[in-house]
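User: I'm new to reading protein structures, and I'd like a close look at one small part of this one. Could you walk me through it slowly?

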Amino acid sequence: MPVSPVRRRVAVVGTGAIVSGGHLPALRAHADRTELVAAVDVDQSRLDAFRAEAGEQVAGFTTMSAMLDAVRPDLVLIGTPPSLHREQTVAALEAGAWVLCEKPLCLSLAEYDQIAAAEQASGAYASVIFQHRYGSGAEHARELIARGELGAPLVAHCQTTWHRDADYYSVPWRGRWATEGGGPTMGHGIHQYDLLLHLLGEWEEIRAMAARLVHDTESEDVSTALVRFRNGALATVVNSVLSPDEVSRIRVDCADATVELTHLYGHVNDDWTYTPARHVPAARADAWRTPARNVPSSHTAQLGAFLDAQDAGTRPPGSGPEARGTLEFAAALYKAAFTGRPVRAGEITPGDPFHTAMHGGHPDGVLTARTEEPA
């Protein structure tokens with residue numbers, strides 16, 4: 001007789017659009033492995049609406065502490081505003097639950113260190129939602145690059161050019177360092193450059209610029225970076241919420257082929273293209289075609305990988321060094337932009353102002369729309 005998979009008792013914290021539109025469908029897709037038992041939201045009407053959608057058997061709570069005491073879940077999914085992520089993740093870990101949290105996992109490397117300490121003390125793990133790493137297209141591209149099938153990576157472009165209007169930033173926690181951690185570098189482009197890091201590996205040096213050109217926010221509304229990877233590849237990274245023609249794009253030019261992903265908020269196999277160099281035989285290029293299995297990038301795909309790790313009792317993908325690496329990249333981009341000098345991997349350590357805050361201790365007046373010419 002086949003062994004039935006373990007069903008994890010799951011609680012969601014926050015019941016807004018990302019939870020109802022992303023996490024709830026993922027839980028339903030993995031209904032044989034999960035049971036949604038509780039939901040938490042400070043807004044009673046929103047909580048009631050979510051429970052009506054998810055099922056009245058889901059217990060409702062207005063505080064996370066009450067939920068953890070009453071339910072003791074195996075897994076906590078966090079979809080609250082970013083400033084709450086560190087505290088809620090640590091609380092869930094201390095209660096013995098594993099955590100899958102929306103990006104960013106926390107607002108600084110110092111906050112990450114607190115999560116890592118809670119992991120070590122509890123034996124549970126916390127992962128961050130970076131669903132663009134998952135799905136068959138990303139998996140296939142990463143394998144080809146890692147095996148050297150496309151030749152050595154040489155040049156890359158990573159583009160998140162989106163558009164957000166003033167109404168978007170009317171939500172009180174958006175565009176503020178203390179509550180969002182930054183602008184599109186932390187809240188939007190982080191998905192694409194996380195995927196770039198997933199494809200190309202460790203980076204070595206960043207040079208960057210950031211500016212507030214349009215929006216009345218504390219943080220930037222555009223940033224650009226030049227990146228040198230440890231394998232020698234050079235890359236450009238653009239994060240924007242000022243772009244009327246919205247697109248998400250990654251292009252990696254290797255010695256034998258160009259691989260390109262073009263999409264917006266999620267990708268499938270057909271969004272990936274492979275262009276062979278002139279010297280590559282057709283038979284070799286045919287082997288690069290995307291696999292027959294077409295798994296979209298999604299919360300569903302990431303949750304499946306997470307549950308596999310939880311069943312095995314091993315560190316899940318998107319946690320530990322992987323989660324920290326993407327957060328360090330963001331901190332280094334900000335430091336390079338704010339200081340005007342290159343930043344090397346590993347240099348942001350305790351005592352560095354960019355270790356405790358993405359703005360490096362200068363939340364106001366750093367990003368300006370124009371630089372005046374000297375008199």
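Here is the part I have in mind, followed by a walk through it.

User: Where does Ser240 sit, and which residues is Ser240 in contact with?

Analyst: Sure, let's zoom in step by step. One thing to keep in mind is that this is a predicted model.

Start with the whole chain, just to get your bearings. The secondary structure comes to 13 helices and 14 strands. The C-alpha atoms fill a box of roughly 65 × 60 × 40 Å along the principal axes. For 375 residues, a compact globule would have a radius of gyration near 21 Å, and the protein chain has 21 Å, so the two agree. Buried residues make up 54% of the chain. Among contacts with a separation of 6 or more, 70% are between residues 24 or more positions apart.

Now for your residue. Ser240 belongs to strand S10, which covers residues 234–240. Is Ser240 buried or exposed? Its relative accessibility is 5%, and buried means under 20%, so Ser240 counts as buried. Its side chain makes a polar contact of 2.9 Å with the side chain of Ser243. If you leave aside neighbours within four places in sequence, Ser240 is in contact with Thr160, Thr161, Trp162, Pro184, Asp221 and Val222.

Let's follow one of those threads. Strand S7 spans residues 153–163, and S7 is among the elements that cover the buried residues of helix H6. Helix H9 (190–200), strand S12 (257–263) and strand S13 (272–276) are also included in that cover. H6 itself runs over residues 136–146, and its buried residues include Ser136, His140 and Leu144. Just after H6, Gly148 takes a positive phi of about 80 degrees.

For a contrast with your serine, try Arg176. Arg176 lies in the loop between S7 and helix H7 (177–180). With a relative accessibility of 42%, Arg176 counts as partly exposed, because that class lies between the 20% and 50% cut-offs. Not counting residues up to four places away in sequence, Arg176 touches Gly181, Gly182, Glu218 and Ser219. Arg176 and Tyr112 are 64 residues apart in sequence, and their C-alpha atoms are 19 Å apart in space.

So, back to your question: Ser240 is in strand S10, counts as buried, and has Trp162 and Asp221 among its contacts.

Conventions: Residues are numbered from 1 along each chain as its sequence is written. Side-chain values use heavy atoms; hydrogens and water are left out. Helices (H or I, at least four residues) and strands (E, at least two) are DSSP runs, numbered from the N terminus. The radius of gyration is taken over C-alpha atoms; the globule rule is 2.2 Å times the number of residues to the power 0.38. Buried means under 20% relative accessible area, exposed over 50%, partly exposed in between (1.4 Å probe, protein chains only). Contact means heavy atoms within 4.5 Å. A polar contact is a pair of N or O atoms within 3.5 Å; within protein, one must be able to donate a hydrogen and the other to accept it, and residues adjacent in sequence count only if both atoms are side-chain atoms.
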